[in-house]
Amino acid sequence: MHDPFEQSLRDMLNKPQAQSNDDASLDKVLKKANRQVGAGALFGLFGRALESVLIALSSGSEHIKPVSNLSAKDIANKAE
């Protein structure tokens, strides 16, 4: 399976630079990888939070209407 992110990181590492400083190119690749992973983690977090809110709203929607403890007989007795 072709991964474009992995390919771009390989290209960054293999690209010949004017300065052949391996540490600098490795730092550059790692920073880019950390940004990508961090963005993915944030999107996952927001997605799970949204899902949790929607589940809470759908579960709580049954309780929006006030529930009375009085039975139908008690209401009929009060009317008399």
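This is a short chat about a predicted model of one protein chain.

Q: What are we looking at, helices or strands?
A: Helices. The model is predicted, and the chain has three helices and zero strands. Read along the sequence, the pattern is α-α-α.

Q: How confident is the predictor in the chain?
A: The average pLDDT is 76. Of the residues, 68% score at least 70.

Q: Which helix has the highest confidence, and which the lowest?
A: Helix 2, residues 22–60, is highest, at a mean of 86. Helix 3, residues 72–79, is lowest, at 60.

Q: What should I do with a low-scoring part?
A: Where pLDDT is low, the predicted coordinates should not be read in detail.

Q: OK, helix 2 then. How many residues does helix 2 have, and how far does it reach?
A: Helix 2 has 39 residues. From its first C-alpha to its last, helix 2 reaches 57 Å. That is close to the 57 Å expected at 1.5 Å a residue.

Q: Which residues of helix 2 are buried?
A: Ser 25, Val 29 and Ala 33 are buried in helix 2.

Q: Those numbers go up in fours. Why would that matter in a helix?
A: An α-helix has 3.6 residues a turn, so residues three or four places apart point the same way.

Q: What covers the buried residues of helix 2?
A: The cover includes helix 1.

Q: Show me a residue from helix 1. What does Phe 5 touch?
A: Phe 5 lies in helix 1, which spans residues 4–14. Leaving out residues up to four places away in sequence, Phe 5 touches Lys 32, Ala 33 and Gln 36. Ala 33 is one of the buried residues of helix 2.

Q: How far is Phe 5 from Gln 36?
A: They are 31 residues apart in sequence. In space, their C-alpha atoms are 8.6 Å apart.

Q: And is Phe 5 itself buried or exposed?
A: Neither. Phe 5 is partly exposed, because its relative accessible area is 23% and buried means under 20%.

Q: Which other pairs can I look at?
A: Try Leu 30 and Leu 9. They are 21 residues apart along the chain, and their C-alpha atoms are separated by 8.6 Å. Leu 30 lies in helix 2 and counts as partly exposed, at 42% relative accessibility.
A: Another pair is Lys 28 and Leu 13. They are 15 residues apart in sequence and 8.8 Å apart in space, C-alpha to C-alpha. Lys 28 is in helix 2 and is partly exposed, with a relative accessible area of 45%.

Q: Switching to the whole chain. How much of the chain is buried?
A: Buried residues make up 6% of the 80 residues.

Q: And how much surface does the chain expose?
A: About 7,400 Å². Carbon and sulfur atoms supply 60% of that.

Q: Which residues make the nonpolar surface patch?
A: Leu 50, Val 53, Leu 54 and Leu 57 make the patch, which is about 390 Å².

Q: Where is Leu 50, and why does Leu 50 count as exposed?
A: Leu 50 is in helix 2. Leu 50 counts as exposed because its relative accessible area is 52%, and exposed means over 50%.

Methods:
Residues are numbered from 1 along each chain as its sequence is written. This is a predicted model: local features need pLDDT of at least 70, side-chain atom pairs count only at pLDDT 80 or more; totals for chains, interfaces and linings use all residues. Side-chain values use heavy atoms; hydrogens and water are left out. Helices (H or I, at least four residues) and strands (E, at least two) are DSSP runs, numbered from the N terminus. Buried means under 20% relative accessible area, exposed over 50%, partly exposed in between (1.4 Å probe, protein chains only). Accessible areas come from the Shrake-Rupley method with a 1.4 Å probe; for residues, only the protein chains shown count as cover. pLDDT is the predictor's confidence in each residue, from 0 to 100. Patches are made of residues with over 30% relative accessible area and no salt bridge: like charges are joined within 9 Å, nonpolar side chains (Val, Leu, Ile, Met, Phe, Trp, Tyr) within 5 Å. A salt bridge is a side-chain nitrogen of Lys or Arg within 4 Å of a carboxyl oxygen of Asp or Glu. Contact means heavy atoms within 4.5 Å. The expected span of a helix is 1.5 Å times one less than its number of residues.
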